[in-house]
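User: Hi! I have this two-chain model open on my screen and would like a close look at one part of it, with enough of the surroundings to find my way around.

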Amino acid sequence: MKSCYTCIILFLSFHLQAQSDRVTKTISGTVVDATSSEALPFATIICMPGKQGTTSNVDGQFTLFEVSDTATLLIQYLGYENLSFALDADLVKTNLEIRLKPEGELLSEVVVKATAANQILKASSGVSRIGVSPANLAKLPSFGEKDIFRSLQLLPGISGTQENSAGLFVRGGTPDQNLILFDGFTVYHVDHLFGFFSAFNSNAIKDVQLHKGGFGAQYGGRTSSVVELTGKDGNKEEFNMGLGLSLLSYNAIAEAPLFAGKGSLLIAGRRSFQSSFYTNLFESFTSADADAAATTQQGPGGNRNFGQQQFVPNSYFYDLNAKLSYRADDKNVFALSFYNGEDDLDNSRVADQNSFRRPGRFGGGGQQQDFSFSSTTSDLTNWGNWGAGLKWSRQWSDRFYSNANLSYSNYFSIRDRTNETTIMRADTSINRNTGTYEENDLRDHSIKLDNRYHVSSSNVLEFGFQHTINEIKYDFLQNDTISVLDRLDQGSTSSLYFSDRVTIANKLILTAGLRSTWYSITEALYFEPRLSFSYLLSDRIKFKGAWGDYNQFATRIIREDIQQGSRDFWLLADDETVPISSATHYILGASYETDQWLLDLEGYYKKLTGLSEYTTRLATAGVGRNRTLNYEEFFYTGTGTAKGLEVLLQKKRGRLTGWLSYTLGEVLYEFEAFSDQPFHASQDQTHEFKAVATYDLGRFSLSGTFVYASGRPYTAPTGYYNITLLDGSEADFFEISDKNGLRLPDYHRLDLSASYEADLWGSKAEFGLSFFNVYDRANIWYKEYEVVEGALFETNISLLDFTPSLFITWNLK
Amino acid sequence: MNINYIIAVLICTFLGTGCTEKLNLNEFASQPIVEAFLYAGHEIDSIEVRLTTSYAEEDSVISGLSDLTIMLEEGANKYILDAIGNGFYRYPIKAVADQVYTLRFEYNEQTVEAETYVPPLHQAEIETNRIGMTRIDLSGGPGGFGQIDFPDPIAITWDNSNSEHYYVSMANIETESDPVISRNGEVIQRRRRMITEPQIIDNHIINPRADLSEFGTYQIIVYRVGPEYVSLFESTGTTSISLNDPPTNVENGLGIFAGISTDTLYLEVEPL
């Protein structure tokens, strides 16, 4: 254990806010990283005695009112050492720049009392709110890539068994019900490699705030949770760069100061490569076997050898982050953030015989004929996101702060599986196109303004507006010509919100808010009241609760496809065929916290309406000779409830840190079309226990995670029959059970990892080794059924088995 | 306040409302399955009605329903089908193209009913009905087919201006197999029947190298099928994630009642 003493540098750019000659003052400042001068958002600043506290805004700025000039400030931020120091008459006159030291760094100036807090998460900052330190995630077991969303799945209330999705199933919700914000813009799809990794490069992210429910009026458009990611600004002090390599991908990051230290530029990227490790993961989530898929294509011959093609599918993903930041002065901060991530799977092939001379066929009189043949199979799967946000924030005064954001987000998903065969002769040409083409393209143009006004030390107003224009295109073509589905949804939402946070006697914090949204498609106004409280019974015991209404206007539809990866696309609700989904959250909890430990309990109840289950299928319409076949969309509408209890016991300090968590939950849906009684939703999981531990041995770090969860529900056949098709083959069909009437076996998994930090000629390196599913548990993903000679066989399809992985990272500074 | 008390109250509160009793699977209730195809111009001789088989039953004997009174209607004409045993029924008339048929019977106090349209006959054309291929003997050892000449692809075409669903089957109908490729006089390829999927198409290409493995007569049938058959054919849910009720055009039952028209072509493959 290192010394509990460390240092700060206090830069004295004076900005006195003394309100009177009394000993109480208004102090303001900025919390930054001591090594890179990067602003630290959502840091906690506590004034002692009295426990008055606040959090820094997204630019690291904070204000405390009526602070005694002899008080002590305690500053906490995940991944950084805690800092406390006593104010004095000089310091309170300044605009403080508080420089927090990342864990493991040594500075050499003013030494004040500090303690190391080797935490990965901070769960005590609000109702259902958890902060995560991306910097510390590397200590957890992984697939070589530290992954923010995978780590969030280890938290209570979030399903940790969804190996095939980086999306979050929060308190019985589904991933599309989560609002994912990255530097202010909405990200609509978070999966790489069929969901095995999240689309975010954790090297480019400095802060993650997760709201599992009961979130405030500044957030809207989703019914389950909010994940707010803040990208790194970049080093304002000196040039820095880093490289990383795992068995799956390589990545690089570069950051440099600009504008005489007032600004910075950061560029980070990563790309996968087709190692055997990558291929194993790829195969485990698709039926494609790169080796087995190596096909030989042989075209019709002529006076030459047959053309042969050896073919192996090509697959990769990449993402790129760039951010340009400029702090013009103490008041104005500008940032331009850019993100692009993409997955690409190419299974295409071409067989082509250019025109050639050949002998005539039987009956052709032996004449020579001009002939050409070509067959082009296009099998492309491609999805990804583009996003950009331009931010201007201004601290108008100690009391008033504004943050304006102009953003663009694009999610695209294309599957092109078509075959075009062309046969050309001197006088005839025959073309034949088969296959499907599916494209979803979502565009989001948003402008948002958030304001915070400190009426007094105990009263903070937040208000603002957001206007979003959505354009969503969805095309589904069959045989290159038949349009099965052709949707173009266009709509906008215009929202105003207001909330007031009142602190009473430094014990009770009440926040009341209202969000109203005008939705252009239904031409209706939707009101969403929000209310939350926390009450400090003592220094250690806190009660908390929240209630709120939430609406969602854009819905993601998932078309399950085991063999090729599920297809998803977004639609805008119209409240006729596609319902506007709504949720009411009720949350009640308590926590008990000491310097070493946190025990947190929260119970939740969510009432859900406007749920939609979607299917497209071939359906017949009309009667008799007018009977036709169409692809039709079916939206089944239902309601539901989600309720549960979460318990978190966290050890926050010491060599051994981590947490134990338990969630008791239930998600019930009611869809008349499926069942006359409520049934458990597919994501329902009654019990889930998780243990996460990290043991710090200085340069060595050992970690382990264990997940145990009761099985999820599924639908099974109860009977079967077969039909002899016209070609003589027999097709099997199933009568099915009650919807989700059975349960898969319990899920459990142990992961272990070790990492080592080393100094390499003044630079830093880290080596890591991870073992996923150490005891090789065959957790069941789904079941497959087939009838063989009159008997029904059931096959369990398992999730990933034991998988070791390695990573190495290097940073110049 | 005692923290243990608080925790206990919270747990009890949510445990009390946290779980409902376990949902039970529905009792297996066997349903009547109809399997009936009406071929335009062919006798109605293979309408089958049976029961579904329970997953839980170890004995998978198919239960044909032979004691039903099944009514077949075509316009004003009504026929009561003759039971011929094992759940099969027939009637000595030919299905008429461009007509709508209804099948109806009572089972378990419910009326099971299905309707289909028998599509008109159509004509397909083949580019040639004779083709020559080189006999290939691999007895000489490996070396592939590199220098062997195969004929051009052969097109089969038909009119499909109404965007109907067609598919094609092709099989060699010789009693004895005479393979194009052999080794020491032995057959090295199994006889096979080629079948396409129902699609909205107006042609089919025969690739001699891939599709014609034997000498002799090939029978090629071009099927025109109705929407009920296509929706059944496209049904692929076989996993716990994708299981859904199977498509059917039978009310109060399962299976298919479908009208079909065909055109049959022949292709002679002769050795060069």
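What percentage of the 813 residues of chain A count as buried? After that, please take me closely through the strands of chain B.

Analyst: Happy to walk you through it. Please keep in mind that this is a predicted model. To your question: 46% of the 813 residues of chain A count as buried.

A little more on chain A will help you get your bearings. The chain holds 2 helices and 52 strands. Its domain assignment lists domain 1 (5–117), domain 2 (130–231) and domain 3, which is made of 240–298 + 311–811. Domain 1 and domain 3 of chain A touch each other, with 17 residues on the domain 1 side and 14 residues on the domain 3 side. On the domain 1 side, strand 3 (24–33) and strand 6 (61–68) of chain A are the elements that give two or more residues. Strand 6 of chain A supplies the largest share, 4 residues. By character, this side of domain 1 has 11 polar residues, 3 nonpolar and 3 charged. As for contacts within chain A between residues at least 6 apart in sequence, 64% join residues at least 24 apart.

Now to chain B. Its secondary structure comes to 3 helices and 21 strands, and 33% of its 272 residues count as buried. Among chain B contacts between residues at least 6 apart in sequence, 72% link residues at least 24 apart.

A good place to begin is where the two chains share a sheet. Three strands form an open, antiparallel sheet in the order 46(A)-45(A)-3(B). Its edges are strand 46 (730–736) of chain A and strand 3 (53–54) of chain B, each of which pairs on one side only. Strand 3 of chain B meets strand 45 (residues 717–724) of chain A through 2 bridges, in the antiparallel sense. If you want a residue pair to click on, A:Gly719 stands opposite B:Ser54.

Next comes a sheet within chain B. Here 5 strands line up in the order 5-4-8-9-20, again as an open sheet with antiparallel pairing. Strand 5 (77–80) and strand 20 (250–251) of chain B are the edge strands, pairing on one side only. Further in, strand 4 (residues 71–74) and strand 8 (residues 99–107) of chain B are joined by 4 bridges in the antiparallel sense. One handy landmark is B:Glu73, whose bridge partner in strand 8 of chain B is B:Thr102.

On edge strand 5 of chain B you will find B:Asn77. B:Asn77 counts as exposed because it has 11 C-beta neighbours inside 10 Å. Between its C-alpha atom and that of B:Tyr101, 24 residues apart along the chain, the separation is 9.7 Å.

For a contrast, go to strand 19 (residues 216–225) of chain B, where B:Arg224 sits. This arginine has 24 C-beta neighbours inside 10 Å, so B:Arg224 counts as buried. Leaving out residues up to four places away in sequence, B:Arg224 touches B:Pro119, B:His122, B:Glu164, B:Tyr166, B:Ile260 and B:Ser261. You can also check a distance there: the C-alpha atoms of B:Arg224 and B:Tyr266 are 18 Å apart, with their positions 42 residues apart along the chain.

Conventions. Residues numbered from 1 in each chain as written. Chains lettered and ligands numbered in written order. Predicted model: local features only at pLDDT ≥ 70, side-chain atom pairs only at ≥ 80, totals over all residues. Domains from an automatic or database assignment. Contact = placed C-beta atoms within 7 Å. Nonpolar A, V, L, I, M, F, W, Y, C, P; charged D, E, K, R; others polar. Buried ≥ 20, exposed ≤ 12 C-beta atoms within 10 Å, placed from the backbone. Pairing = 2+ DSSP bridges.
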